[in-house]
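Here is a set of questions and answers on one protein chain. Work through them with the coordinates open.

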Amino acid sequence: MTGPASRLGLRALVTGAWQAQCVRVAADLGLPDHCAAGPMTSAELATACGAHEPALRRLLRVLVAMSVLARDETERFTLTPLGSALGRDGLGAWAARAGSVPAWAALDHSIRTGEPASGNVPGMRSWEYGVAHPEAGERLRGAAAAHPDEVTGAIAGGYDFSRYPVVVDVGGGDPALLAEILRRSPRIRGVLAARPEVIERARRALAGAGVLDRCDLRGGDVRAGVPRGDAHVLASMLHERGDEESVAVLTRCREAAGLSGRVIIVERMLPDQPGEGDLEALLTDLNRMVMVGGRERTAFEFDRLLAQAGLSLRRIVATGTRYSIIETVFDA
């Protein structure tokens with residue numbers, strides 16, 4: 001017979017969706033940014049963000065209970081360390097989008113068919129969302145860049161890219177990794193192959209990093225073709241694609257790299273036997289399926305994917321972050 005503790009635990013899981021909506025609305029209203037200026041009352045916050053004060057006060061007390069905000073003895077609200085990550089320069093844009101898309105309501109469609117739920121309800125890949133909503137897209141790129149600075153450094157420093165005269169960043173929606181690779185290896189050149197709408201933004205970023213003079217920018221669909229080079233890097237790209245599309249992109253990279261080249265994948269690696277501590281990674285995998293038909297993969301699943309593209313896994317390099325570097329070679 002189910003006890004009170006079990007029922008309370010289940011209720012916490014079910015009402016997690018409500019908590020997500022509270023976080024989304026807090027981000028939409030800009031509450032973290034307003035509170036970052038200093039302690040504010042509910043009335044002051046209501047005026048600042050154009051909200052109904054009694055209703056906002058009810059939301060604020062929930063956010064306090066969730067440890068997003070803190071309330072002092074004068075009934076003024078301040079940010080907690082958790083809440084400070086939710087501002088415009090943090091994860092606010094990602095939280096606003098994650099809490100507003102309807103695809104998860106159609107999770108059963110994905111589970112029954114293996115297809116993305118976004119085909120059943122409106123949904124977009126992250127880059128498609130950014131194109132359709134430029135302002136939100138800019139915030140998403142800043143708040144939820146493919147790799148934060150410390151991760152970018154760990155990836156660029158965790159593998160010897162200097163031995164490749166030309167490094168091609170395939171689908172580089174975030175040019176920071178290529179910029180860091182070129183900065184650390186001043187004798188090599190880079191090629192950024194990305195969607196046309198990314199190119200101008202990438203040009204500014206690479207110029208700001210002082211490496212634009214060593215980088216060629218190529219706009220186009222990487223599924224149709226990839227520029228030649230000695231090493232082709234796919235960073236946080238394959239997880240937004242199912243196996244068939246991933247094989248197509250990897251095959252293009254193998255063809256462009258040639259017999260002596262390398263195809264280098266930077267992705268999160270799911271454990272073969274996941275446990276409770278892997279919940280966030282497993283939910284992320286499910287989210288890839290629901291939203292875009294993509295997936296996170298285990299080492300075995302990567303090995304199988306590579307074989308279909310005529311590649312073989314040479315080694316996996318840990319970076320000290322949640323991302324791994326997967327070096328692959330032509331499968332002769």
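**Helices, sheets and rings**

Q: How many residues does α2 have, and what span is expected at 1.5 Å a residue?
A: This is a predicted model. In it, α2 reaches 20 Å from its first C-alpha to its last. That is close to the expectation for its 14 residues, which is 20 Å.

Q: Which residues of α2 are buried, and which residue just after α2 takes a positive phi?
A: The cut-off for buried is under 20% relative accessible area. In α2, Cys22, Arg24, Ala26 and Ala27 are buried. Just after the helix, a positive phi of about 75° is taken by Gly30.

Q: Why do the buried residues of α4 lie on the same side of the helix?
A: Helix α4 covers residues 42-49, and its buried residues are Ser42, Leu45, Ala46 and Cys49. An α-helix has 3.6 residues a turn, so residues three or four places apart point the same way. The buried set of α4 is on the same side because its arc around the axis is only 105°.

Q: Which elements do the buried residues of α4 pack against?
A: The residues in question are Ser42, Leu45, Ala46 and Cys49. Their partners include helices and strands. The list is α2 (16-29), α3 (31-36), β1 (40-41), α5 (53-65) and β3 (76-79).

Q: Which residue just after α4 takes a positive phi, and what is its value?
A: Helix α4 ends at residue 49. Just after it comes Gly50. Its phi is positive, at about 70°.

Q: Why is one side of β1 and of β2 left without a neighbour in the sheet?
A: The sheet is open and has three strands, in the order β1-β3-β2, with antiparallel pairing. Each of β1 and β2 (69-71) has a single partner strand, so one side of each has no neighbour in the sheet. Both stand at the edges.

Q: Which residue in β3 stands opposite Met40?
A: β1 and β3 pair in the antiparallel sense. Two bridges make up that pairing. Opposite Met40 stands Phe77.

Q: What angle does the direction of α5 make with that of β2?
A: α5 packs on the sheet. It touches β2 and β3. Its direction and that of β2 make an angle of about 105°.

Q: How many aromatic pairs does a search of the whole structure find, and what is the angle between the planes of Tyr159 and Tyr164?
A: The search finds two pairs. Tyr159 and Tyr164 form one that is stacked, at 6.3 Å centre to centre. Planes under 30 degrees apart count as stacked, and for Tyr159 and Tyr164 the angle is 10°.

Q: Are Tyr159 and Tyr164 buried or exposed, and which residue joins them in an aromatic cluster?
A: Both Tyr159 and Tyr164 are buried. They belong to one aromatic cluster. The other member is Phe161.

Q: Which residues of β7 are buried on each side?
A: In a regular strand the side chains alternate between the two faces of the sheet. β7 has five of its five residues buried, and both of its faces are covered. On one side are Ala231, Val233 and Ala235; on the other are His232 and Leu234.

Q: Which residues in β8 are the bridge partners of Val233 and Leu234?
A: Strand β7 (residues 231-235) and β8 run parallel, joined by five bridges. β8 is largely enclosed by the rest of the structure, because eight of its nine residues are buried. Val233 has Ile264 as its partner, and Leu234 has Ile265.

Q: Which residue stands opposite Val168 in β7?
A: Strand β4 (residues 166-170) runs parallel to β7. Three bridges join them. The residue opposite Val168 is His232.

Q: Is Ile199 buried or exposed?
A: Ile199 lies in helix α13 (residues 196-208). Its relative accessibility is 11%. The limit is under 20%, so Ile199 counts as buried.

Q: Which residues is Ile199 in contact with, leaving aside its neighbours within four places in sequence?
A: Ile199 and Gly172 are 27 residues apart along the chain, and their C-alpha atoms are separated by 9.3 Å. The contacts of Ile199 are a separate list. They are Leu192, Ala194, Leu217, Arg218 and Gly219.

Notes
Residues are numbered from 1 along each chain as its sequence is written. This is a predicted model: local features need pLDDT of at least 70, side-chain atom pairs count only at pLDDT 80 or more; totals for chains, interfaces and linings use all residues. Side-chain values use heavy atoms; hydrogens and water are left out. Buried means under 20% relative accessible area, exposed over 50%, partly exposed in between (1.4 Å probe, protein chains only). Helices (H or I, at least four residues) and strands (E, at least two) are DSSP runs, numbered from the N terminus. The arc is that of the directions from the helix axis to the C-beta atoms. Contact means heavy atoms within 4.5 Å. Two strands pair if DSSP finds at least two bridges between them. Axes are lines fitted to C-alpha atoms, for helices over the stretch in contact, and angles run from 0 to 180 degrees between N-to-C directions. The expected span of a helix is 1.5 Å times one less than its number of residues. Rings of Phe, Tyr and Trp (its six-membered ring) pair if their centres lie within 6.5 Å; planes under 30 degrees apart count as stacked, over 60 as edge-to-face and the rest as tilted.
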